[in-house]
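Colleague: Please take a close look at one part of this model, the nonpolar core. Start with how far the prediction can be trusted, then go through the packing.

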Amino acid sequence: MSVHMLDLRGRTSSEAAQAVLDVFGPAAPLLDSGRALILDSTDRLVRHTSAYEKLFTGNRVHTVVCVVCGPPAVSEEDGRRVLARPGQLGPERAVVTLWVGDTTGVEWAVRPPAPARAHPDAAPGSGQGLVRLIEALCQEEVFDRVVEAGGELPDAAACPGLAWTGTGSDGAAVDSALAGALKRFTAPAGPAPETSTASPSGNILMDLVEGVHRQPPAAPGPGSGELAAQERDAKDGVERAREALESVSGTAGMFSLLPPWRIREHELRHAGRAVTAHREYVAGHLARLGSLPAEQLPAELRRLGIEGGPPSPEDMDEALDALVRRTEEGLRRTRRAKDVEEDLDRVAGRLSPGDGAPTAPDRAHAGDPVREAAPDQLLAELEDPPPAPLPRPFSPLLLPAFLIPLLPALSGDRLGLAAGIAMAVVWVGLLALGTHRLRGPDSDSTALLTAHAAAGFAGGVAGLWLGSRVPLPLLLPLPLLLGTALIAGAALGAVALARTWSRLVRRWQEQIGLDRAEAAVDSLSRLLTRTAREKWYPGAGRSRLADSARATAGAVRAVADALSEHASSLPPRSRHAPALESALLDDLAALTRSALTGLWGDLRSGPPTTDAYGRTHPDATALIARYRRHLATIGPYTPPDFADDPAPRPIHGEPETDRAERLLRLPPEGPLLQLCGPEHIPLLGSDVPSMRTVRFAPLPLRGRLCRGSDDEGRPAARSTVWTLGGSRTGLLRLLPLRPGVVRTRWFAPEDDDGSREGPADGLRPGTPPDTPGGPPQHLPVEEHLS
């Protein structure tokens, strides 16, 4: 809702009537309110009767404030100075007539009486009085209160007097706070934010925008296509090698028909070649499919057995909404354009689909996903597996080699010594057979066998020496003693060899790592499947979103550049409240979001624009100019129309706030700027009870003024009109005219051709004090208000 102003000064009756039709007539565009503020002059007011008839018969206007400028006319009937007006402006309608005898005004008090003098804030001839009056009346809250008060005035007419002050922050403080906010908003980017820990949504495009995309722990298999067949071949080779190793891992493995050295030469090498072939298959398809045209990819992927499809329009809309939301939240959170711009560049990097596989030189480093899935070291261990390990020459296995010949030799007899030597020879022979099965013909076990032969000889000698010291044959018969020793030695050797064999084969299995080989086969298949489902199928959508993120980053950069250009025109920084700078910083973030609105509409309706910077920079420049006008005319404590929170902002402790509080306490009969000349004072009434007062102030001041008022100021604060879009605190005094000054004329002669442009019949023009002998000078009020 607003107040619609029309200036009829200087117009003939026909021109005035046409101006009314142009603004308020049936063919004029619809208005957002029925409030009309009309400016007219005393010498043409009655001549404009037809214009006021059309104003009220068009049913577009419901309330009128008519500001009449100029000296009063002189009645030819009785020679008195009068304010003549047409009957349409009479008290029967919701109309108030405000007479401005002098557009600058004089300082004058109703009580106590005192001579009129020049006002210190209104230089003679400046017209400041009328400008401030119109500025107040253009606020709909003040307009409505004036119309309400005018209905209580005699003849619904008055001469206005006023006082005013600013919003609570002068222009220098606002400029300083704006300069500080601009410096902070366009500052270099800070550190990158931490990675989000939110859960993925399932829409890969939106997850990539939000930075919460995670690779699934177990991607679905490749299905039944060519990729599945290749994967089965590789796994079959690994499985055959595993079965062969399992066949020799137990005690029975010592007597297996397939010795470990043959498993190494055949099954393990075959498994390595199978895994290597699968890796080359996956790497080749990543390179080949990544270079195929988009229209050929679906058929090739279905041939491989990888099902999928492009993202749906709903998924694209959700992802674009997420991009918009991330940008807006980034502006609110960081309040720094460079941070948002760099974040959008990171989003574009995540969204860019790429070609799915590195080039050959790139695969030489650790960033190659193919080699990460199947490392070179793993394949090398499979294609040229390490030989089975052998016992070390000096190991715990020497203990049974020593004890086996010692037991028979304890008989102290030559037959016992011969049995011990025979047991040592058998032990060394079995050990040689075992090493041959583990390593094959190329095994070099000389040191091992020599050490065990020496241990066996030492055991026999030691047994013979102990047998000579402890006469065991006296306790047991010799045949029984030898038989028991041979059985115990054979059992000890069998257990030691079996455990050593199992331990060595298990260690060999761990060195080879067939489980890692099978996991590598799965990882390679998942890599190709994931690339298809996350990059190739949604490739067009990812490219579009990546371009959208880059376009948005360019638009943010355009706004930041426009703000930097504007910052150079501001005066040097001075002192200002930190809370004011923070509020303006929030406004700059909101301004940036508003400047991006048109770009986001384009992104939703079609492909990203190729010149987002050039598209956004003019919009940002226009928004900045509009915002500066808002700060100059309304003030920083009423949020601009693009702000997030429309609620007025609190003002704390500003010097102008104290002035506003004192102004609202002023008695209305005291000295104010009365909009008339000194010679017009006798025409004004002096009855204080019949006078009406309108106090007004910006809504952000309400809390402070109401809480801070004492018993004297609290009634004035409660009766104040709180304006949403105003920038000034003021007091408006409506002083009635003396009886007989206001006279109503129901009929006025028509202008023939515009040449009869004078006062109505029975009146002769008065002479304004500032233009002796000439017509009244009209102040260009619109220029002052703009």
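Modeller: The model is predicted, with a mean pLDDT of 82 for the protein and 86% of its residues at 70 or more. Among the elements, strand E3 (residues 63-69) has the highest mean pLDDT, 96, and helix H26 (residues 781-785) the lowest, 46. Two stretches call for caution. Over residues 355-366 the pLDDT is below 50, and this stretch has 16 contacts in the model beyond near neighbours in sequence. Residues 767-786 also stay under 50, with 34 contacts beyond four places in sequence. Where pLDDT is low, the predicted coordinates should not be read in detail.

Now the core itself. The largest nonpolar core contains 57 residues, and Leu178, Phe185, Leu584, Leu588 and Tyr627 have the most contacts inside it. Helices that each supply two or more residues to this core include H5 (171-185), H10 (313-334), H20 (578-595) and H22 (612-633). Helix H19 gives the largest share, eleven residues.

Leu588 shows the packing at the level of one residue. Apart from neighbours within four places in sequence, Leu588 is in contact with Leu178, Ala181, Leu182, Phe185, Leu563 and Tyr627. There is also a second, separate core, of 48 residues, with Ala241, Ala271, Ala388 and Ala532 among them.

For a residue that is not buried, take Leu466 in helix H16 (residues 446-469). Its relative accessibility is 35%, so Leu466 counts as partly exposed. Leu466 and Ser411 lie 55 residues apart in sequence, with their C-alpha atoms 8.7 Å apart in space.

Methods
Residues are numbered from 1 along each chain as its sequence is written. This is a predicted model: local features need pLDDT of at least 70, side-chain atom pairs count only at pLDDT 80 or more; totals for chains, interfaces and linings use all residues. Side-chain values use heavy atoms; hydrogens and water are left out. pLDDT is the predictor's confidence in each residue, from 0 to 100. Helices (H or I, at least four residues) and strands (E, at least two) are DSSP runs, numbered from the N terminus. Contact means heavy atoms within 4.5 Å. A nonpolar core is a set of buried Ala, Val, Leu, Ile, Met, Phe, Trp, Tyr and Cys residues joined through side-chain atoms within 4.5 Å. Buried means under 20% relative accessible area, exposed over 50%, partly exposed in between (1.4 Å probe, protein chains only).
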